[in-house]
Amino acid sequence: MSQFIKENDNKESRQKYNQEMAIIIPACDKYLDIFAEYMRYFRMNWPDCPFEIILVTETKYYEDKRVTSYTTTKDTAWTGRVLEGLKHTNCKYILTTIEDGFISEKVKNKEIIQILTFMKKHNIQYYRNPKFGHKKTKDNSFSDFRHACKIKKNEVYSRSLGIDIWDREALIDLFGDGSKSAWDIEDYFLRDSLTAEKGYFEDWVSDDRNFLHIIETVSGGKWMRSELNRLKRLGIPVNTGNRAIMPITDYYRRRLHGVVNKIVPKKLRRPIKKFCTKIGFQFASKN
């Protein structure tokens, strides 16, 4: 059963937040040092954020006046932690994010409100903040919001968990009883996308920008050297603390995986992964 770290959990204390959207961060206890850095970048680049930040961890609270902190249990899955966060807000829209996704530039509230207005008008269930933007074409565009792009079906990773804005009911429908891991959902997305008919999803949309200016800084529990360097060049180096930095060999392995992922035909992905798994490689999904 979750407990609230603050004593002033009442309606009056929540009136200061915009009630359209809440930010939910499902985190692990062992990543709270990373979350401390997340909040430093958040305060630096989104100081006037009007939305409540709800952190849901396993067993350890995080003390911060800007954060509403809840706990679950060590056995609660990633989806279960998101659903726990939903219990503590009535907002229609939920921005789900990750503790290592640092906001690297100023975020404009006006742009976020424009997205929420667009979602409400078109009954959009999911709005992606893409890491590197989304290619805009004549076929995937909307006439009333220039940054919105329809997401193409039958593509590798056409849908994926990340830094996204959801309609709360879509989250509840997708996450079910909260027993699935993030990788379970990713595998479902990949399998469903690759078997879908061609065309575009009706209510799953991507922005053509990384509108939150997110830089993801950790992989496999280690700081990514290339992303640390990006933030250092921006003049805001990361306090790495005692956490290890990924070896340069892992960096190049990730780059190679990205290249191969783009060129391998869809029908060969599963058998190739199955073979590589037998000889020691690991993948986030089977498809």
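This passage describes the fold, the cores and selected residues of one predicted chain.

The secondary structure of the predicted model comprises 9 helices and 12 strands. The chain has 287 residues, and 50% of them are buried. Contacts in the chain with a separation of 6 or more were also examined. Of these, 75% link residues 24 or more positions apart. The exposed area of the chain is about 15600 Å². Carbon and sulfur atoms supply 52% of that area.

The largest nonpolar core holds 48 residues. Within this core, Ile 23, Phe 35, Phe 42, Trp 46, Tyr 127, Ile 165 and Leu 212 touch the most other members. Several elements give two or more residues to the core. Among them are strands E1 (21–26), E2 (52–57), E4 (93–96), E5 (101–103) and E10 (214–216). Helices H2 (32–45), H4 (109–122) and H7 (225–233) also belong to this group. H2 gives the most, with 7 residues. A second, separate core has 24 residues. Its members include Tyr 126, Leu 174, Phe 175 and Trp 204.

Trp 46 shows how parts of the chain meet in space. Beyond its neighbours within four places in sequence, Trp 46 is in contact with Ile 23, Tyr 41, Phe 51, Ile 103 and Val 107. Asn 109, Ile 112 and Leu 212 are further contacts of Trp 46.

Two helices of the largest core were followed along their length. H2 has 14 residues. From its first C-alpha to its last, H2 reaches 20 Å, close to the 20 Å expected at 1.5 Å a residue. The buried residues of H2 are Leu 32, Ile 34, Phe 35, Glu 37, Tyr 38, Met 39, Tyr 41, Phe 42 and Asn 45. An α-helix has 3.6 residues a turn, so residues three or four places apart point the same way. H4 also has 14 residues, and its end-to-end C-alpha distance is 20 Å. That span is close to the 20 Å expected for H4 at 1.5 Å a residue. In H4, the buried residues are Asn 109, Ile 112, Ile 115, Leu 116, Phe 118 and Met 119. The cover over these buried residues includes E1, E4, E6, E7, E8 and E9.

Strand E9 (200–207) pairs with two other strands considered here. E6 and E9 run parallel and are joined by 3 bridges. In this part of the fold, Tyr 127 stands opposite Val 205 in E9. E7 and E9 pair in the antiparallel sense over 4 bridges. Lys 152 stands opposite Tyr 200 in E9. In a regular strand, the side chains alternate between the two faces of the sheet.

Asn 129 lies in the loop between strand E6 (126–128) and strand E7 (148–152). Is this loop residue buried or exposed? Asn 129 counts as buried because its relative accessible area is 5%, under the 20% cut-off. A polar atom of the Asn 129 side chain lies 3.0 Å from the backbone nitrogen of Leu 212. With residues up to four places away in sequence left out, Asn 129 touches Ile 163, Asp 164, Arg 209, Asn 210, Phe 211, Leu 212 and Ile 214. Leu 212 is also one of the largest-core residues that touch the most other members.

Glu 227 lies in helix H7. Glu 227 is buried as well, with a relative accessible area of 14%. The side chains of Glu 227 and Ser 226 are joined by a polar contact of 2.9 Å. Leaving out residues up to four places away in sequence, Glu 227 touches Ile 215, Glu 216 and Thr 217.

Backbone angles were then considered. Most residues other than glycine have a negative phi. Which residue just after H4 takes a positive phi? Asn 123 does so, with a value of about 55°. Asn 154 has a positive phi near 55° and is not a glycine. Asn 154 is found in the loop between E7 and strand E8 (164–167). Asn 154 is buried, with a relative accessible area of 15%. His 213 has a positive phi of about 55°, although it is not a glycine. His 213 lies in the loop between E9 and E10.

Notes:
Residues are numbered from 1 along each chain as its sequence is written. This is a predicted model: local features need pLDDT of at least 70, side-chain atom pairs count only at pLDDT 80 or more; totals for chains, interfaces and linings use all residues. Side-chain values use heavy atoms; hydrogens and water are left out. Buried means under 20% relative accessible area, exposed over 50%, partly exposed in between (1.4 Å probe, protein chains only). Contact means heavy atoms within 4.5 Å. Accessible areas come from the Shrake-Rupley method with a 1.4 Å probe; for residues, only the protein chains shown count as cover. A polar contact is a pair of N or O atoms within 3.5 Å; within protein, one must be able to donate a hydrogen and the other to accept it, and residues adjacent in sequence count only if both atoms are side-chain atoms. A nonpolar core is a set of buried Ala, Val, Leu, Ile, Met, Phe, Trp, Tyr and Cys residues joined through side-chain atoms within 4.5 Å. The expected span of a helix is 1.5 Å times one less than its number of residues. Two strands pair if DSSP finds at least two bridges between them.
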